[in-house]
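Visitor: I have not looked at this structure before, and I would like to learn how to read it step by step. Could you take me through it slowly?

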Amino acid sequence: MNKKVGVIGLGFHLPKKVLTNFDLEKMIDTSDEWIQTRTGIRERRIAEPGTGASDLGSEAAKKALRDAKLKPEQIDLIIVATLSPDMPFPSTACFIQDKIGAGKAACFDVSAACAGFVYGLAVAQQFIASGMYRYVLVVGAEVLSPLIDWKDRSTCVLFGDGAGAAVLGPVKKGGILSFHMGSDGACAELLCMPGGGSRHPTSPETVHQGMHFLKMKGNEIFKLAVRAMSGCAVQAIKKAKISPDAIDCVIPHQANLRIIQATIEKLGVPMEKVYVNIDRYGNMSSASSAIALCEAVEEKKIRTGSKVLMVAFGSGLAWGACVMEWA
Ligand code: UT7
């Protein structure tokens with residue numbers, strides 16, 4: 001690495017509307033008890049109809065810029081991680097650029113689903129370390145609620161809407177120590193939205209078959225998630241040349257509390273060091289780890305010098321982990 005690169009500003013934004021497990025009990029055949037014991041979720045946030053990922057993402061981005069004490073024009077690049085873009089094209093990053101007034105920035109989205117924020121950090125780090133750019137804004141923004149079949153109890157209880165953002169820039173001490181990423185395209189269809197792309201363009205038939213909704217084979221993914229999250233976390237820790245004991249705070253993707261617990265057990269890190277917000281927000285895909293990082297810093301669970309492990313997994317399959325020393 002040529003230069004030390006770290007997170008220099010953070011912000012997040014959530015829709016106001018709260019949908020509790022008790023609300024869901026009135027909509028489908030489920031129970032608060034099933035949802036809590038199987039997933040750890042109590043409630044999630046739901047955006048107003050017509051909200052785009054860029055609406056939540058731009059609010060998070062503005063807060064991150066304020067936190068970094070930067071003006072929008074100082075941002076060189078905007079990377080948005082999302083599986084619920086405003087539109088299939090152009091990129092949601094372009095919409096966010098316009099909303100925050102970052103006219104100088106180049107913009108693109110990364111498609112790595114729930115691991116997208118970690119992938120975005122990795123891409124941002126390369127641009128800054130190489131000297132090509134100084135300040136990069138990475139946003140994880142999701143409005144998943146319109147992608148959900150609210151009659152499918154196996155998926156609709158799991159997801160929520162939200163956005164988190166980080167500004168990355170050069171730092172004098174600490175910063176990003178390592179990344180490890182991987183993918184398994186052979187399992188691509190375990191979690192996907194089959195309709196609306198080039199293979200199955202939207203038609204009355206795709207809509208009739210509900211192909212515009214998220215489809216997930218949850219229990220097939222569960223074991224893969226634990227194996228991939230723990231495996232890539234171990235690799236990232238090794239690359240950072242530290243021992244697992246040195247980790248002060250773990251920021252995992254928040255898909256299921258049981259996946260987090262099983263992953264952490266494999267790593268041998270105590271659960272007290274793990275930041276969990278799935279109870280309040282459910283799974284917000286790329287926004288989950290972004291918001292968890294913001295909240296952990298806000299609650300002073302991460303301070304200057306803390307060693308932080310971020311680890312995420314999702315559709316693709318795609319997974320990634322990052323170790324940072326908080327700058
Ligand atoms: O974000 C990144 C990727 N996503 C993940 O990593 C998610 C991974 N998977 C999971 O988190 C879990 O597999 C789920 C939470 C999705 C499901 O939990 P599970 O323990 O694997 O349950 P299951 O799918 O094996 O279903 C068990 C039972 C079934 O009933 P039978 O067939 O045993 O009678 C389901 O029909 O639970 C039933 N069920 C429900 N019952 C009440 C499924 N959804 C619900 C529900 N309420 N919402």
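**Backbone and ligand**

Guide: This is a predicted model, and we can begin with a place in the backbone: Pro90 lies in the loop between β4 (77-81) and α4 (92-100). A cis peptide bond joins this Pro90 to Phe89, with omega of about 5°.

Visitor: Which other residues does a cis peptide bond join, and where is Leu317 placed?

Guide: Most peptide bonds are trans. Here a cis bond also joins Gly316 and Leu317, where omega is about -15°, and Leu317 belongs to the loop between β12 and β13 (318-325).

Visitor: What is the phi of Ser285, and in which loop is Ser285 found?

Guide: Most residues other than glycine have a negative phi. Ser285, although not a glycine, has a positive phi of about 50°, and its position is in the loop between α10 (278-281) and α11 (286-298).

Visitor: Turning to the ligand, where does it lie with respect to domain 1 and domain 2?

Guide: The ligand lies between them, because domain 1 (5-173) and domain 2 (177-325) both give residues to the shell around it. The space that the ligand takes is the second largest pocket.

Visitor: Which residues come nearest to the ligand, and which element supplies the largest share of the shell?

Guide: There are 24 residues around the ligand, of which Thr30, Arg38, Arg153, Asn256 and Asn283 come nearest. The largest share comes from α8, with four residues, while the elements that each supply at least two include α2 (32-39), α6 (153-156), α9 (257-267) and β12 (307-314). Sorted by class, the shell has 11 nonpolar, nine polar and four charged residues.

Visitor: What polar atoms of the protein are paired with atoms of the ligand, and how much of the ligand's area does the protein cover?

Guide: For an oxygen atom of the ligand, an N or O atom in the side chain of Trp34 is 3.2 Å away, and an N or O atom in the side chain of Arg258 is 3.0 Å from a ligand oxygen atom. A nitrogen atom of the ligand is 3.0 Å from a polar backbone atom of Gly218. On its own the ligand has 960 Å² of accessible area, and the protein covers 74% of that.

Methods
Residues numbered from 1 in each chain as written. Predicted model: local features only at pLDDT ≥ 70, side-chain atom pairs only at ≥ 80, totals over all residues. Heavy atoms only, no water. Near = heavy atom within 4 Å. Polar contact = N/O pair within 3.5 Å; in protein donor to acceptor, adjacent residues only side chain to side chain. Areas by Shrake-Rupley, 256 points an atom, 1.4 Å probe, with all protein chains shown as cover. 1 Å grid on protein atoms, 1.4 Å probe; cavity = no way out; pocket = protein on both sides within 12 Å on 5 of 7 lines; lining within 4 Å. Sits in = over half its atoms within 2 Å of the grid points. Nonpolar A, V, L, I, M, F, W, Y, C, P; charged D, E, K, R; others polar. Domains from an automatic or database assignment.
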